[in-house]
Amino acid sequence: MFEKSTWIRLPRNVVVGHGVRSQVVDVVDDLHLQGRPLFVTSPTPREVAADPIAADFEAAGIEPAIVTIEKATFDAVERVIEVAEAEGVSYLVGIGGGKAIDIAKLASHHLEMGFCSVPTAASHDGIVSNRGSVPDGDSRHSVAAEPPLAVVADTGILAEAPWELTTAGCADIISNYTAVMDWRLAQRLQDVEYSEYAAALSEMTAEILVDNADLIRPGLEESAWVVTKALMSSGVAMSIAGSSRPASGAEHLFSHQLDRLAPGAALHGHQVGVGSIMTAYLHQGADGIWRAIRDALASIDAPTTAAELGIDDETVIEALTTCHEIRDRYTILGSGMNERAARDVATKTGVID
Ligand SMILES: NC(=O)C1=CN([C@@H]2O[C@H](COP(=O)(O)OP(=O)(O)OC[C@H]3O[C@@H](n4cnc5c(N)ncnc54)[C@H](OP(=O)(O)O)[C@@H]3O)[C@@H](O)[C@H]2O)C=CC1
Ligand SMILES: O=C(CO)COP(=O)(O)O
Ligand SMILES: [Zn+2]
């Protein structure tokens, strides 16, 4: 008898466009969310978005509680939970980059409350996904969490955010190519759970972004539009899969390990982009897609070398040779690369000198 079942949890309202920040009140109303919200934000997003949105709520007769967090830590998640309980709020709104949104996501999961995502930076595909990522001891990768009930992405705000945040979001999407290669490999060799729909959506998202790379330029609001739609699509692929597999393979292992070895040196998306150049080479060799990935990254001003990441060559080698250990996720790295092989791929792809 066929007994498989699946739950795909997706946002109900996705609103993207110029000036849609002022529609957060309407979106919440449309979802029939009652009572007071708790806004979870961080310092700059508070100024550019959370305070004006709070004014819209006040004008509608709803007084939001606000927590401003400085760092993505479990202490911050605890603080948000405490404030939510003390203020008697009934839903959360994460307003900011990945830090604020992931903290709101994890807190809402714990509180069993709905939450809405209002990104102020198109910096990675966690803005829509059902995955939350907050450093936990040595662990840096995402865990299952609450997906947002709604996403409101104001392209006016996203276009004014620092350009490198947008190029990081693009690179996170471009890395879907190698994430899907790893997922297919793991399915063939380890029979891991696999969704052709999620894999196809993730790959197609990377393709569309690369095909539109010439629209991705600083100061162009259309760039924010193209990138945000890709981030949404990639987040949906993760929700369909019920895991981050469609958007996270060995290139993400490499990035998570860099986060431990060189904390804060580079943005998540930039690290996975450089990782993707190398893991594409490992999958397909010299004549494969690695050059196209490198050229697409270069064309949008994303880093393609260790030096551009601000990370030294030896740290790249250490991350490459150890990152297979950090998670139970089968990838092209198998049971690990030795130092010579790591140096070879990093040199041949120009990531190190
Ligand atoms: N859930 C998932 O699948 C994933 C989650 N992540 C998580 O996301 C976080 C990283 O995300 P990221 O967005 O880079 O980090 P942040 O939220 O820290 O934002 C990066 C920087 O951009 C600033 N900023 C945000 N929006 C604007 C704006 N509109 N204008 C000017 N500055 C702005 C922030 O300011 P300020 O410091 O004032 O807040 C911060 O300094 C990490 O915690 C990581 O673990 C990463 C990948 C995937
Ligand atoms: O960043 C992600 C997808 O782009 C999430 O992946 P991880 O599960 O590896 O954290
Ligand atoms: Zn990512």
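**Ligand 1 and the packing of α7**

Tutor: In this predicted model, ligand 1 is surrounded by 28 residues, the closest being Ser42, Gly97, Gly98, Lys99 and Gly126. Two or more residues of this shell come from each of α2 (43-59), α4 (98-111) and β6 (131-132).

Student: How do you know where ligand 1 lies with respect to domain 1 and domain 2?

Tutor: Domain 1 (13-161) gives residues to the shell, and domain 2 (164-348) does too, so ligand 1 lies between them.

Student: What classes of residue make up the shell around ligand 1?

Tutor: The shell has 14 polar, eleven nonpolar and three charged residues. Gly counts as polar.

Student: Why are α7 and α11 called oblique to each other?

Tutor: The axes of α7 (residues 176-190) and α11 (residues 268-284) cross at roughly 40° and come within 9 Å. Angles under 35 degrees count as roughly parallel, and 65 to 115 as roughly perpendicular. The angle of roughly 40° fits neither range, nor is it over 145, so the pair is oblique. Their crossing is left-handed.

Student: Which residues make the contact of α7 with α11?

Tutor: Tyr177, Thr178 and Met181 of α7, with Ser276, Thr279, Ala280 and His283 of α11. By class, three are nonpolar, four polar and none charged.

Student: What makes α7 roughly perpendicular to α10?

Tutor: α7 packs against α10 (residues 250-261) at about 115°, with the axes 7 Å apart. Angles from 65 to 115 count as roughly perpendicular, and therefore the term applies to α7 and α10. Here Thr178, Ala179 and Asp182 in α7 meet Ala250, Glu251 and His252 in α10. This contact has two nonpolar, two polar and two charged residues.

Notes. Residues numbered from 1 in each chain as written. Chains lettered and ligands numbered in written order. Predicted model: local features only at pLDDT ≥ 70, side-chain atom pairs only at ≥ 80, totals over all residues. Near = placed C-beta within 6 Å. Helix = DSSP H or I, 4+ residues; strand = E, 2+ residues; numbered from the N terminus. Domains from an automatic or database assignment. Axes fitted to C-alpha atoms, helices over the stretch in contact; angles between N-to-C directions. Left-handed = near helix turned anticlockwise from the far one by under 90°. Contact = placed C-beta atoms within 7 Å.
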